[in-house]
Amino acid sequence: MIYYFTGTGNSQAAAGFFSSRMGEDMKNMAEAVRKKDFSCEIGENETLGLVFPVYYWGLPTVVVHFLSRLKLSGKKPYVWAVITCGSSTGAADRQLKAVGKKAGIEVNAVFSLVMPDNFVPMFRAPEEKQVKEILAKADVRMEEILKEIRRRGSGEESKAKDLMLSASMQALYRNGRKTARFTVDDTCIGCGQCASFCPVGAIEMVGGRPSWKKERCAFCMGCLNRCPKSAIQYGKSTRKNGRYVYPRG
């Protein structure tokens, strides 16, 4: 079984690659959380895969919520994770293993996978040519990771300096994620895609426009990047920083 969490499609695409190559089913963590579906029976020779993006060099809230409640039965699996990122995953591997251990799940291997960055509140979205180059390298990297998974490799391990970075940035993530800075301009067509996609149900449509009903969200930027009119902004930078959604279907 492969569980994934995604904001703009990178991790879903990566999970799809491993699912098709390994013949294992895949499920959306956010949907599992909404349905309170935390039971997973592991069959003979089946692995447990976790595929998700790094947020602030740590784990997204949805991943922590899901993994801390996941209950496994059946065979003991080899547990692997692929963490997608724009540059590095920091010490997200250590946080993942700690959350897993608390839930009684041993994470055996963690791998990083560089894909196009979608965090447009801080960075400019990559241009089409750059996206193609990054994804071409990601294709090669996924093949390498697949070989490691099949031979039950031990994965990567972060350094002490990564731990210091992740600790400081994760404090910002835990205390931030404020939805008050989301705004909607007049190009909004009221399609409701943002509300239907939000993994934590933070958005509702009021008078044909999105309204953030929760003080904090997962900060996946799915609403902003997926808006067909680029009508959603976060602060002052996103209007000029472009948008990114995984482009391959």
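R177, which comes after helix α6, has a positive phi near 60°. The structure discussed here is a predicted model. Most residues other than glycine have a negative phi. Positive values in residues other than glycine also occur at Y56 and at R152. The table lists these residues with their places.

| Residue | Phi | Place |
|---|---|---|
| Y56 | near 55° | loop between β4 (48–53) and α3 (61–67) |
| R152 | near 60° | loop between α5 (128–150) and α6 (160–175) |
| R177 | near 60° | after α6 |

R152, in the loop that leads from α5 to α6, has a relative accessible area of 41% and is therefore partly exposed.

Helix α6 itself can be described by its length and by its two sides. At 1.5 Å a residue, its 16 residues should span 22 Å, and the end C-alpha atoms are 23 Å apart, so the two values agree. Which residues of α6 are buried? They are D162, S166, M169, Q170 and Y173. Because these residues cover an arc of only 115° around the axis, they lie on the same side of α6. The cover over the buried residues of α6 includes α3 and α4 (92–102). On the face turned away from this buried side, α6 carries the exposed residues A160, K161, M164, L172 and N175.

Helix α3 thus enters the description in two places: the loop that holds Y56 lies between β4 and α3, and α3 is among the elements that cover the buried residues of α6.

How values were computed: Residues are numbered from 1 along each chain as its sequence is written. This is a predicted model: local features need pLDDT of at least 70, side-chain atom pairs count only at pLDDT 80 or more; totals for chains, interfaces and linings use all residues. Side-chain values use heavy atoms; hydrogens and water are left out. Helices (H or I, at least four residues) and strands (E, at least two) are DSSP runs, numbered from the N terminus. Buried means under 20% relative accessible area, exposed over 50%, partly exposed in between (1.4 Å probe, protein chains only). The expected span of a helix is 1.5 Å times one less than its number of residues. The arc is that of the directions from the helix axis to the C-beta atoms. Contact means heavy atoms within 4.5 Å.
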